[in-house]
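User: I'd like to learn how to read a few features in a structure. Could you walk me through some?

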Amino acid sequence: MLYKKNLSPELSEELFKNPSSEYRGAPFWAWNSKLDKDELARQIKVFNSMGFGGFHMHVRQGLETPYLSEDFLDCVRFCAEQAEKNSMLAYLYDEDRWPSGVAGGFVTKKPENRQKYLTMTVTERADCALTAEESAKTGKPYLVATFDVSIAQNGEMVGYKKIEKNTPSKNKKYFYLEQKQGGEPRFNYQAYVDTLSKDAIDEFISTTHEKFKKCVGDKFGKSVPAIFTDEPQVFGAIPPRSGFCDKDAYLSWTTDFNKTFFEEYNFDLTDYLPELFYATDDEHAYKTRFCYYTHLSERFCVAYMDNIGNWCAKNGIAMTGHAVGEDALYETLLQTADVMREYKNMQIPGIDILCDDVVFNTPIQCRSIVRQYGREAMLSELYGVTGWDFDFRGHKYQGDWQAALGVTVRVPHLAWQSMKGEGKRDYPACISYQSAWYDKYKYIEDHYARINTAMTRGKPDVKIAVIYPIDTYKIAYASFAETSALRNELDDNFKNTTEWLLKGGYDFDFISESLLPDLCSNGSNPLLVGKMEYDTVIVSDCMTLRPHTIKVLNQFKKSGGKLIFKGRLPYLCNGEPSESAKNVIQGATVIHNSKADLYRELKNQFVADIRDEFGAKTENLMCSMRIDGLNKWLFIAHMFKPKLPHTITKQKISVRIKGVYKPLLFDTLSGEIKRLPFDTDQNSTVFYTTLYDLDTLLVKFVPTYSGDCLKENITDKVFNKIQVPFEVDYALSEPNVLLLDMAKYSVDNEELINTEEIMRIDNLVRKKLNLQSRRTKFVQPWAVSNSPEEHNLKLVYTVESEIDIEGVALALEHPESTTIKLNGKLVENTVTGYYVDKDIKTVALPKITKGANELELSMPFGLRTDVEACYLIGNFGTTYIGRKTKLISRPKTLSFGDVTRQGFAFYGGNVIYNTKISLDKNSDIKVTVSHYRGAAVSVLLDGKEVGIIAFHRLL
């Protein structure tokens with residue numbers, strides 16, 4: 001059990017104010033260099049100081065310590081022990097990079113374990129294997145079937161015929177069982193795994209999970225609570241772009257797929273293969289697609305998700321992580337066929353939300369399984385691929401809406417072990433000591449940990465369910481041009497239904513038809529689905545339903561449950577025309593795809609009725625309610641990003657819930673608990689408040705009597721405005737810096753080539769030497785540890801300066817193997833410290849003189865060499881025009897505003913602005929920042945921090 005403290009009858013004030021590790025985030029800790037125990041221990045203490053409750057030991061690009069070696073596992077054990085010493089949690093990760101399943105390539109060294117797929121092609125192949133088994137072992141393609149296909153002028157298929165390979169045909173389509181050949185750098189010159197093969201995944205478990213068990217199995221379920229699996233997937237179904245397109249198209253497949261398909265559905269799939277690729281009016285294709293994708297999902301889940309989940313359950317550790325393709329019906333069908341089915345045997349189901357995306361269906365799909373199967377936690381990998389300018393406002397908005405939709409285990413993406421080489425481009429910003437704001441991040445983590453102490457207690461208060469419409473998307477999925485209108489509409493309506501319900505204050509779950517027989521044997525009112533009970537079921541845009549679903553909905557309807565059909569109506573069962581599918585509509589409510597109609601039918605089934613000062617639904621806030629004994633917890637968050645991200649906006653709202661309660665505000669930013677002014681009427685409770693753009697509300701409702709109301713006591717404080725000076729004294733948290741990323745270069749002492757950007761130099765040199773480009777999915781250093789650096793690369797930088805400057809240092813990677821010259825004089829390459837990251841080391845330089853200075857670096861070069869920018873750091877100013885940079889005198893004062901135009905063109909550290917204020921008497925002080933761009937503003941009074949300004953309230 002992760003949240004053991006939730007067994008207490010009440011949430012204690014002390015736990016709310018100072019949540020323990022299990023309620024806190026655990027970032028992806030990118031192991032991307034040589035592992036050193038002293039440095040690992042230091043960074044664990046950094047995580048602790050940042051407010052994190054643990055870390056995921058996640059191998060990323062750049063790992064030098066051989067994966068799964070004794071040295072690697074010894075470091076895993078060491079970090080688990082360090083976690084225990086610091087009252088933290090050490091989460092495992094099951095792969096070398098991602099996607100999971102190959103064990104760094106060890107599993108797919110065997111050709112039979114490699115991913116397989118079906119190709120539809122007009123190109124005849126002469127190198128086919130004789131049998132599927134021979135294909136699996138040799139990697140040769142295997143001919144499954146040949147078809148003559150007829151396409152009409154509208155691009156739809158109007159007929160097809162299975163023929164022999166050599167039979168003449170006007171429009172031949174050859175179908176092959178193919179297999180990745182290996183040699184992929186991403187998988188260390190192997191290939192991805194066959195996720196439809198239980199034998200292959202058994203070997204993955206044996207190679208990876210069993211080794212972790214031997215290493216830290218005694219800590220499973222304790223300081224090592226879970227193991228993360230990342231983006232497992234099938235090959236992906238890619239139909240033709242149109243019925244007229246002759247380019248190859250693909251389907252997921254494996255050696256015995258047709259055999260197990262026949263055992264399940266009693267027909268030979270290879271007789272109907274064109275129906276999986278082309279749009280057609282023939283309804284038989286609906287059945288073929290439904291059966292194929294349903295079987296594909298089941299094969300994937302049984303072989304991979306259930307297999308690993310069952311191993312974890314048996315061994316006392318939680319399976320967590322996420323599969324790929326969660327964010328839309330299209331992505332799901334492309335990657336795994338049924339995302340909700342995947343979560344069944346995960347002890348901590350999870351998702352990822354990257355690129356600052358906002359996709360509400362993704363967490364709701366996962367949260368529904370968490371609720372229905374009674375799982376206690378839900379994970380999200382978040383913040384990845386957002387960039388260095390993603391500030392605390394971005395962190396809070398992304399975290400808030402995900403918390404409102406059930407996320408309790410936060411996995412911030414990404415905390416680098418090292419910035420060496422490719423590490424610094426691995427989806428920054430780095431959420432660790434390399435970011436100047438890292439020591440203020442506890443402000444963010446405390447907020448979410450406090451939310452989790454409340455919103456993991458009790459049980460969810462949810463009465464509405466929506467049938468997950470993936471089966472309808474299955475039957476619509478064929479050649480893109482001919483099916484795009486329908487498919488896009490299905491995805492749009494799926495998204496709209498979710499947003500309308502959330503905007504209206506209605507919480508709900510999805511019901512997975514693939515899991516319904518496991519969760520609900522018979523219909524009743526309320527509808528019992530696992531641990532949940534629903535009074536209302538919405539069937540939206542479901543053209544096909546499964547037999548068990550039809551039975552359950554009929555029983556629910558006859559028992560008095562409210563059944564609503566919205567949009568397209570069902571007329572198919574398992575993809576075949578069905579009277580029972582049509583009859584389930586009788587006696588139910590049928591509405592258009594209309595928000596107004598939906599709200600009218602749902603009436604008072606809201607979790608909380610949230611309205612603006614004029615009495616209209618706010619439609620920009622979402623909420624979630626939990627029942628905790630006699631009490632209730634309500635969490636409210638913003639649905640959408642602020643339209644004006646650097647402007648303060650606010651709204652007055654009223655919040656009404658059913659029942660008579662006393663509301664207490666649990667302030668998640670300060671840890672304080674306050675009574676809220678409220679009123680009661682007609683067996684409901686209402687309170688009023690003002691929300692700024694990124695505010696959230698966590699409110700505890702304690703039962704009371706109708707007369708126990710608290711009226712708002714408004715007392716206006718009088719403030720006199722004190723204008724701070726326009727220019728002030730300042731200090732820096734680190735030296736100023738000049739970026740050096742443009743150089744002349746030569747290879748093996750040839751003539752210098754004109755100035756070029758440093759990463760382009762790396763690509764050009766690799767091309768010249770016939771070495772793999774780093775722009776591709778690069779092989780891991782540990783897998784090519786014997787690659788010699790047989791060549792020499794010389795880089796020559798020109799540094800312009802307006803002044804003579806003493807005490808300048810050069811920051812670079814690998815100074816110990818680099819020959820350094822400044823203005824023709826050899827520089828001793830003794831390391832004096834580091835800049836930003838421990839692997840960007842500093843070397844003292846002689847005086848930089850006024851005018852042009854020549855800095856020459858000479859280094860060995862080979863496959864594993866990382867050519868990177870370097871930096872001058874010191875007490876100077878910088879300026880730039882286009883590509884030209886220059887060192888100048890450091891300014892004596894700073895104005896409030898853009899520092900890059902005031903002598904700090906490349907500075908990335910903190911700036912401390914110093915100003916003095918005078919008061920006539922002791923007074924309260926209110927600090928307001930009307931506009932800023934940066935992570936956060938820390939306010940110090942007489943040298944002591946008194947607060948952080950990070951969000952849209954800005955005071």
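**Cysteines, a sheet and a loop residue**

Analyst: Let's start with the cysteines. Keep in mind that this is a predicted model. A search of the whole structure turns up zero disulfides. Take Cys79: the nearest cysteine sulfur belongs to Cys75 and sits 6.5 Å away, and Cys79 is in no disulfide.

User: Why is Cys573 not in a bond with Cys291?

Analyst: In general, a disulfide is a covalent bond between the sulfur atoms of two cysteines. Here the closest cysteine sulfur to that of Cys573 is the one in Cys291, and at 11 Å that is too far for a bond.

User: Is Cys79 buried or exposed?

Analyst: Cys79 is buried, because its relative accessibility is 0%. Cys573 counts as buried too, with a relative accessible area of 13%.

User: On to sheets: in what order do the five strands of the open sheet come?

Analyst: The general idea is that strands of a sheet pair through backbone hydrogen bonds, either parallel or antiparallel. In this open sheet the order is β6-β5-β7-β4-β9, with antiparallel pairing. The edges are β6 (157–163) and β9 (249–253), each pairing on one side only. From one strand to the next, the twist averages 30°. Inside the sheet, β4 (residues 116–121) and β7 (residues 172–179) are joined by six bridges, and Met120 stands opposite Phe175 in β7.

User: And what does the side chain of Thr408 make a polar contact with?

Analyst: Its partner is the side chain of Tyr3, at 3.0 Å. Thr408 lies in the loop between α11 (392–404) and β13 (409–412). Thr408 is buried, because its relative accessible area is 7%. Residues that Thr408 touches include Tyr23, Ala377 and Asn452.

Technical notes. Residues are numbered from 1 along each chain as its sequence is written. This is a predicted model: local features need pLDDT of at least 70, side-chain atom pairs count only at pLDDT 80 or more; totals for chains, interfaces and linings use all residues. Side-chain values use heavy atoms; hydrogens and water are left out. Two strands pair if DSSP finds at least two bridges between them. Helices (H or I, at least four residues) and strands (E, at least two) are DSSP runs, numbered from the N terminus. Axes are lines fitted to C-alpha atoms, for helices over the stretch in contact, and angles run from 0 to 180 degrees between N-to-C directions. Buried means under 20% relative accessible area, exposed over 50%, partly exposed in between (1.4 Å probe, protein chains only). A polar contact is a pair of N or O atoms within 3.5 Å; within protein, one must be able to donate a hydrogen and the other to accept it, and residues adjacent in sequence count only if both atoms are side-chain atoms. Contact means heavy atoms within 4.5 Å. A disulfide is a pair of cysteine sulfur atoms within 2.5 Å. Lists of a residue's contacts leave out its neighbours within four places in sequence.
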